[in-house]
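These are my notebook entries on a single chain. I set down what I looked up, one topic at a time.

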Amino acid sequence: MRKSIARAQTLDDVRDLARRRVPRPIFDFVDGAAEDEVTAARSRAAFRQVEFMPRALTGVEPKSPATTIFGRPATMPVVLAPTGFTRLSHRLGEIAAVRAAAEAGVPFCLSTFGTVSLEELADAAPDADRWFQVYVMRDRKLTASLVDRARATGCSALVLTVDLMASGKRVRDLRNGFSIPPRLTARSLVQFASHPRWSLDLLTSPPLDLANMRTGTDTDLWQLLRELADVSFSFDDVPTFRRQWDGPLVLKGIMTVADAQRAADLGVDAIVLSNHGGRQLDRVPVGLELLERVLDAVGDRVEVHVDGGVRSGADVVAAAGLGARACFVGRPWVFGLQAGGQDGGRHVLDLLHSETDRTLRLLGVTGIDEVDRSMVRLRTDVRSDDVVSA
């Protein structure tokens with residue numbers, strides 16, 4: 001492991017190291033969000049409003065933060081969230097991430113817009129708990145074939161993302177002239193030249209592609225994304241996937257109690273309260289703040305997972321205490337790849353695990369499943385601008 005990544009004491013340290021390791025357009029593509037980035041800031045701020053009520057003198061020996069997700073063991077309630085175009089951040093991309101996840105004992109979810117195929121991922125980490133995230137395409141036969149390949153390659157869960165009605169306006173990307181694949185311009189050339197290790201990796205790696213669709217290296221992948229997505233996808237289509245997929249079926253991108261209830265009525269196994277990392281519509285609700293209301297409405301029928309803003313093991317414990325079965329973690333593991341490849345991804349997971357374990361010990365509980373709402377609350381007397389600027 002590189003000494004620099006080993007010295008990172010927090011996920012914010014990993015992020016700072018990533019910012020120095022890759023060109024600014026690449027860092028901003030991962031770090032940025034839509035419009036004014038209000039949603040992304042609120043997602044983080046919500047966790048800063050958490051207050052713990054620890055138990056004293058419990059006289060118990062703490063256990064690990066291990067749990068189960070869909071009945072499968074996980075060392076902590078964390079899922080590596082699906083991210084697109086990951087080989088922009090590191091030459092191995094999703095392969096480095098799934099190996100880190102396998103070593104750490106948590107699930108990894110591959111994106112439809114991943115840069116490694118389902119088959120390559122299975123070969124790289126056959127023992128990993130691999131999930132597959134699906135964007136529903138206009139070509140429904142293509143979508144069905146992706147689902148079939150996910151089953152054939154041993155994926156244990158299927159995640160339908162439901163919030164891609166249009167691609168959000170990512171202002172940082174527009175200002176940077178960002179494109180996929182990256183184009184050499186006067187502005188980008190300076191950035192690429194000042195990061196020779198990253199540039200050499202990009203030039204000596206296979207060309208970027210949507211690996212599960214083999215789109216070809218001359219394609220503008222942003223434009224292709226807009227053309228492929230089926231904006232007519234609705235709740236009426238969910239039963240088709242329920243019939244096709246006999247494992248855990250997850251809807252990611254639920255943002256209201258009413259939609260959560262409808263999803264539960266359709267027989268899905270889990271929902272993810274997700275605002276897409278603030279990268280789609282800005283100024284939408286925050287999953288952590290919705291969690292209790294959604295659980296009160298549907299928590300006895302589906303697992304409820306939360307996505308967005310997790311930056312520490314204490315955040316993981318907070319979400320679990322408020323009722324989340326698992327946290328989806330996206331940006332931090334990509335920052336880990338940018339900062340140190342597979343070692344960086346594993347270091348991110350090691351930090352999350354040690355922080356989760358330490359928080360449980362300080363709370364005086366025996367394990368993650370013992371934390372409940374009596375021990376976690378969101379303080380409403382804290383002004384959001386205070387916690388955002390903290």
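**Entry 1: Phe85**

In which loop does Phe85 lie? I found Phe85 in the loop between S4 and H5. I note at the outset that the model is predicted. I then looked up the backbone of Phe85 and read a positive phi of about 55°, although Phe85 is not a glycine. Most residues other than glycine have a negative phi. I also asked whether Phe85 is buried or exposed. Its relative accessibility is 4%, so I entered Phe85 as buried, the cut-off for that class being under 20%.

**Entry 2: Glu35**

I looked up Glu35 as another residue with a positive phi. The value is about 50°, and Glu35 is not a glycine. Glu35 is placed in the loop between helix H3 (24-31) and helix H4 (38-48). I recorded Glu35 as partly exposed because its relative accessibility is 40%; that class runs between 20% and 50%.

**Entry 3: helix H5 and its surroundings**

I turned next to H5, which covers residues 94-104. How many of the 11 residues of H5 are buried? I counted eight as buried, and H5 is therefore largely enclosed by the rest of the structure. The buried residues of H5 are Glu94, Ile95, Ala96, Ala97, Val98, Ala100, Ala101 and Ala104. I then looked for what covers them, and my list includes strand S4 (78-80), S5, H6, strand S6 (130-134) and H16. After H5 comes Gly105, for which I read a positive phi near 80°.

**Entry 4: H5 against H16**

I examined the pairing of H5 with helix H16 (residues 331-363) in detail. Their axes come within 8 Å and cross at roughly 20°. Because of that angle, I describe H5 as roughly parallel to H16, the limit for this term being under 35 degrees. The crossing of the two helices is left-handed.

Which residues make the contact? From H5 I listed Ala96, Ala97, Arg99, Ala100, Ala101, Glu103 and Ala104. From H16 I listed Trp333, Leu337, Gln342, Gly345, Arg346 and Leu349. Sorted by class, the residues of this contact are eight nonpolar, two polar and three charged.

**Entry 5: Leu363**

Leu363 is placed in helix H16. I entered Leu363 as buried, since its relative accessible area is 2%. I then asked how many residues along the chain lie between the positions of Leu363 and Pro54, whose C-alpha atoms are separated by 4.1 Å. They are 309 residues apart along the chain. Leaving out residues up to four places away in sequence, I found that Leu363 touches Phe52, Met53, Pro54, Arg55, Val317, Val371 and Met375.

**Entry 6: Thr112**

I looked up Thr112 in the loop between strand S5 (108-110) and helix H6 (118-124). Is Thr112 buried or exposed? Its relative accessibility is 0%, and so I recorded Thr112 as buried.

I next looked for the polar contacts of its side chain. The side chain of Thr112 reaches the backbone oxygen of Gln133 at 2.6 Å. A polar atom of that side chain also lies 3.1 Å from the backbone nitrogen of Tyr135. Residues up to four places away in sequence aside, Thr112 touches Phe132, Gln133, Val134, Tyr135, Met137, Leu146, Asn212 and Met213.

**Entry 7: H13 against H14**

I examined a further helix pair, H13 (residues 257-265) and H14 (residues 287-298). The axes come within 9 Å and cross at roughly 35°. I noted the crossing of H13 and H14 as right-handed. In H13, the residues Val257, Ala260, Gln261 and Ala264 meet Arg293, Val294, Ala297 and Val298 in H14. By class, I entered six nonpolar residues, one polar and one charged for this contact.

**Entry 8: Asn176**

My last entry concerns Asn176, which lies in helix H8 (residues 171-176). With 14% relative accessibility, Asn176 counts as buried. What does the side chain of Asn176 make a polar contact with? I found the side chain of Asp28, at 3.0 Å. I also looked up the separation of the C-alpha atoms of Asn176 and Arg20, which is 16 Å for residues 156 apart along the chain.

Notes
Residues are numbered from 1 along each chain as its sequence is written. This is a predicted model: local features need pLDDT of at least 70, side-chain atom pairs count only at pLDDT 80 or more; totals for chains, interfaces and linings use all residues. Side-chain values use heavy atoms; hydrogens and water are left out. Helices (H or I, at least four residues) and strands (E, at least two) are DSSP runs, numbered from the N terminus. Buried means under 20% relative accessible area, exposed over 50%, partly exposed in between (1.4 Å probe, protein chains only). A polar contact is a pair of N or O atoms within 3.5 Å; within protein, one must be able to donate a hydrogen and the other to accept it, and residues adjacent in sequence count only if both atoms are side-chain atoms. Contact means heavy atoms within 4.5 Å. Axes are lines fitted to C-alpha atoms, for helices over the stretch in contact, and angles run from 0 to 180 degrees between N-to-C directions. Angles under 35 degrees count as roughly parallel, over 145 as roughly antiparallel, 65 to 115 as roughly perpendicular and the rest as oblique. A crossing is left-handed if the near helix is turned anticlockwise from the far one by less than a right angle, and right-handed if clockwise. Ala, Val, Leu, Ile, Met, Phe, Trp, Tyr, Cys and Pro count as nonpolar, Asp, Glu, Lys and Arg as charged, and the others, Gly among them, as polar.
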